[in-house]
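Hi everyone, thanks for making time for this one. Please have a look at the sequence and the model on the screen, and then I'll walk you through a few places in it.

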Amino acid sequence: MASSEELRKRGKTWFTLIALAIVSLLLGACVPSVPIDPQPSAEVSGSTSVTPLTQISGLSAPWSMVEVPGTVILVSERDSGRIMEVLQSGGLRVVGTVSGVSAAGEGGLLGLAYRPADQSLYAYFSAESDNRIVKFPLHGAASDFSLGPPTPVLSGLAKANNHNGGRIAFGPDGKLYVGTGDAGATAHAQDPASLNGKILRLNPDGSVPADNPTAGSLVYSSGHRNVQGLAWDAKGRLWASEFGQNTWDELNLIKAGGNYGWPEVEGEGADSRFINPALQWKTSEASPSGLTASGLTLYMAALKGERLWRIDLAADGNSASSTPLYQGQYGRLRDALISQGNLLLLTNNTDGRGSPRSQDDRILRVPLTALR
């Protein structure tokens with residue numbers, strides 16, 4: 001027969017187990033969606049062990065995410081030319097297919113940008129002979145969006161199998177910023193007459209803003225190899241992520257009229273004509289893609305590096321530091337977007353260069369508070 005002391009200990013043990021079970025059930029009731037398929041440990045370097053949840057799966061070679069007011073997310077698919085709506089109830093629906101998309105190599109339907117002022121959706125894509133931008137009226141509402149007829153915004157950008165740029169975003173000034181690639185011809189980046197290898201600044205109708213660095217020119221900055229991400233921090237500063245060639249990938253603080261050196265310089269250099277990157281990484285660690293900002297923190301998706309980079313910026317803009325997150329956990333990451341206090345990550349494993357995993361390609365969601 002057990003002693004009174006043994007019975008007392010057993011009672012405490014059972015009480016503890018019951019309490020833990022109740023807490024587990026309560027926490028489980030707060031989880032908004034089902035976790036992703038099991039993967040290797042989601043612990044990340046130096047910051048968090050929070051495992052993202054799958055917002056949606058079943059995308060094919062996705063490239064860009066954009067948020068429409070009302071927390072609706074639209075996604076471009078590079079090869080199919082489709083614009084997909086992520087339904088709040090779960091699932092995907094086709095909003096429309098962009099006519100004239102000619103997908104080859106890194107080209108196809110690329111960046112999206114939304115302009116609330118006239119409820120229009122802008123799309124950057126590779127056509128048969130060039131890269132171009134069109135805008136569509138976005139009709140309807142959540143779960144029922146459709147595209148109106150397209151209006152040309154910009155055409156004639158050189159295209160190639162690679163280095164097509166493609167990221168577009170509206171800045172705090174209401175202008176449309178466009179990241180272009182050198183289209184495999186390095187001389188474009190230093191040629192002031194070429195729109196390739198540049199960051200462009202346009203009025204929403206495609207015309208040249210009166211206050212651009214060079215009168216009559218859409219060029220805002222030059223000397224870029226292949227700009228892939230654009231984001232503005234809390235101080236209104238523009239940052240751009242950029243593919244290097246064989247040695248250094250870059251994060252640049254963009255200044256109006258600035259020259260960032262390609263092809264004369266890759267990464268940091270000693271030539272005073274060119275602006276050095278704020279940060280650089282080996283190409284195996286990055287191949288940087290989409291970029292998003294929260295306050296003075298940037299989040300940068302990495303393709304070949306298969307990780308998310310958290311980048312902490314100094315208030316004066318003179319320094320920055322980076323921390324790798326989710327390294328090797330979800331494959332190639334193409335885009336990052338902040339929405340409703342969460343960071344959304346777009347995987348890119350079905351584009352022919354990755355190794356698709358269960359549920360790929362997908363959008364992953366993690367609370368911003370878990371990444372700080």
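Let me start with a question: in the loop between which two strands does His163 lie? The answer is strand S10 (151–157) and S11. Helices (H or I, at least four residues) and strands (E, at least two) are DSSP runs here, numbered from the N terminus. His163 is not a glycine, yet its phi is positive, at about 60°. With a relative accessible area of 12%, His163 is buried; buried means under 20% relative accessible area, exposed over 50%, and partly exposed in between, with a 1.4 Å probe and protein chains only.

Some ground rules before we go on. This is a predicted model, in which local features need pLDDT of at least 70 and side-chain atom pairs count only at pLDDT 80 or more, while totals for chains, interfaces and linings use all residues. Residues are numbered from 1 along each chain as its sequence is written, and side-chain values use heavy atoms, with hydrogens and water left out.

Now, confidence. pLDDT is the predictor's confidence in each residue, from 0 to 100. The protein has a mean pLDDT of 89, and 87% of its residues reach 70 or more. Among its elements, strand S12 (residues 176–179) has the highest mean, 99, and helix H1 (residues 4–29) the lowest, 38. Over residues 1–47 pLDDT stays under 50, and the model has 46 contacts beyond four places in sequence for that stretch; a contact means heavy atoms within 4.5 Å. Where pLDDT is low, the predicted coordinates should not be read in detail.

Let's go back to backbone oddities. Gln340 is another non-glycine with a positive phi, about 55°, and Gln340 sits in the loop between S23 and S24. Is Gln340 buried or exposed? Exposed, because its relative accessibility is 61%. There are cis peptide bonds to look at as well. One joins Trp262 and Pro263, with omega about 5°, and Pro263 is in the loop between S17 and S18.

That brings us to those two strands. S17 (residues 248–254) and S18 pair in the antiparallel sense over four bridges; strands pair if DSSP finds at least two bridges between them. One bridge links Glu250 with Gln280 in S18. Along S18 (residues 279–282) the side chains alternate: Leu279 and Trp281 point to one face and are buried, whereas Gln280 and Lys282 point to the other and are not.

Still in S17, have a look at Asn252. Asn252 counts as buried because its relative accessibility is 0%. What does the side chain of Asn252 make a polar contact with? The side chain of Glu242, at 3.4 Å. A polar contact is a pair of N or O atoms within 3.5 Å; within protein, one must be able to donate a hydrogen and the other to accept it, and residues adjacent in sequence count only if both atoms are side-chain atoms. Beyond four places in sequence, Asn252 also touches residues including Tyr260 and Asn276.

Next comes Thr347, in strand S24 (residues 342–347). Thr347 is buried, since its relative accessible area is 0%. Its side chain makes a polar contact of 2.5 Å with the side chain of Asp361 and reaches the backbone nitrogen of Arg362 at 3.0 Å. Asp361 lies in the loop between S24 and strand S25 (362–367), and a cis peptide bond joins Asp360 and Asp361, with omega about -10°. Thr347 and Asp360 are 13 residues apart in sequence and 7.2 Å apart in space, C-alpha to C-alpha.

One more buried side chain: Ser289, in strand S19 (residues 288–294). Its relative accessibility is 0%, so Ser289 counts as buried. The side chains of Ser289 and Arg167 are joined by a polar contact of 3.4 Å. Other contacts of Ser289 beyond four places in sequence include Gln228, Met300 and Leu333.

That's my tour. Thanks for listening, and I'm happy to take questions!
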